[in-house]
Amino acid sequence: VRKNGPIRHQGRFEIAIPHPLGPEFALRIRDAALAAAPNVRLRFDTRTLADDAPALMREGLLDAAVDWIPAEDDRFVNRKLFDDSLVIVARNGHPRATSRMGWRDLAREEFVRCHRRAFERRPKALSGKLWELMAESRLTVSEYLEVPFVVSRTEYLGVLPKTMAH
């Protein structure tokens, strides 16, 4: 907000938030933007698998994207907005899940996982041992929002962003 009052900008902005908490972040961004520029118009797209965001930005169809994977193209500006990490989750009362599980214990469990993002857009945390554990998942869902539903009703383990797991 300027000292002389709100910004008078009346533009329209397209913003993609491919994060499981996209609606929550969209509302926060909307509130902050409207406080600073009441006439601005924002449109949000909260698809989890928005691998096309960089192409849409290059084409001028998208103005900004909030994602946990930084854009590699030097035409984009990356800014850290929040910290997050991936965690392994289990339902309350899971017969084997404990906070002390090691890789060998986890290798004996079944996982539910989300559809893969394009390899170049996969979070670095989803590589190595964790990715190998989930690679043979018997159940693959479309969105991170579906993982807690499956985990709460089965003995499957899941991987979620920590902000969502709480």
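Salt bridges are counted here as pairs in which a side-chain nitrogen of Lys or Arg lies within 4 Å of a carboxyl oxygen of Asp or Glu. By this rule the count comes to 9 salt bridges. The structure is a predicted model, in which local features need pLDDT of at least 70 and side-chain atom pairs count only at pLDDT 80 or more, while totals for chains, interfaces and linings use all residues. Residues are numbered from 1 along each chain as its sequence is written, and side-chain values use heavy atoms, with hydrogens and water left out.

Three of the salt bridges, including their N to O distances, are listed below.

| Acidic residue | Basic residue | N to O distance |
|---|---|---|
| Glutamate 14 | Arginine 43 | 2.9 Å |
| Glutamate 155 | Arginine 96 | 3.0 Å |
| Aspartate 105 | Arginine 108 | 2.7 Å |

The salt bridge of glutamate 14 and arginine 43 has an N to O distance of 2.9 Å. Glutamate 14 belongs to strand β1 (residues 12-16) and arginine 43 to strand β2 (residues 41-45), so the pair ties together parts that are 29 residues apart in sequence. Helices (H or I, at least four residues) and strands (E, at least two) are DSSP runs, numbered from the N terminus. Accessibility is described with three words: buried means under 20% relative accessible area, exposed over 50%, and partly exposed in between (1.4 Å probe, protein chains only). Glutamate 14 is buried at 17% relative accessibility, whereas arginine 43 is partly exposed at 41%.

The side chains of glutamate 155 and arginine 96 also meet in a salt bridge. This pair links distant parts of the chain, 59 residues apart: glutamate 155 is in the loop between α5 (147-153) and β7 (157-161), and arginine 96 is in the loop between β4 (86-89) and α3 (103-107). Glutamate 155 is partly exposed, with a relative accessible area of 34%, and arginine 96 is partly exposed at 40%.

In the salt bridge of arginine 108 with aspartate 105, arginine 108 is exposed at 62% relative accessibility and aspartate 105 is partly exposed at 29%. Salt bridges that share partners join Arg91, Arg96, Glu109 and Glu155 into one network.

Serine 137 lies in the loop between α4 (128-135) and β6 (139-141). Serine 137 is buried, with 14% relative accessibility. Its contacts (heavy atoms within 4.5 Å) include Phe111 and Arg113, not counting residues up to four places away in sequence. The side chain of serine 137 reaches the backbone oxygen of phenylalanine 111 at 3.2 Å.

How values were computed. Polar contact = N/O pair within 3.5 Å; in protein donor to acceptor, adjacent residues only side chain to side chain.
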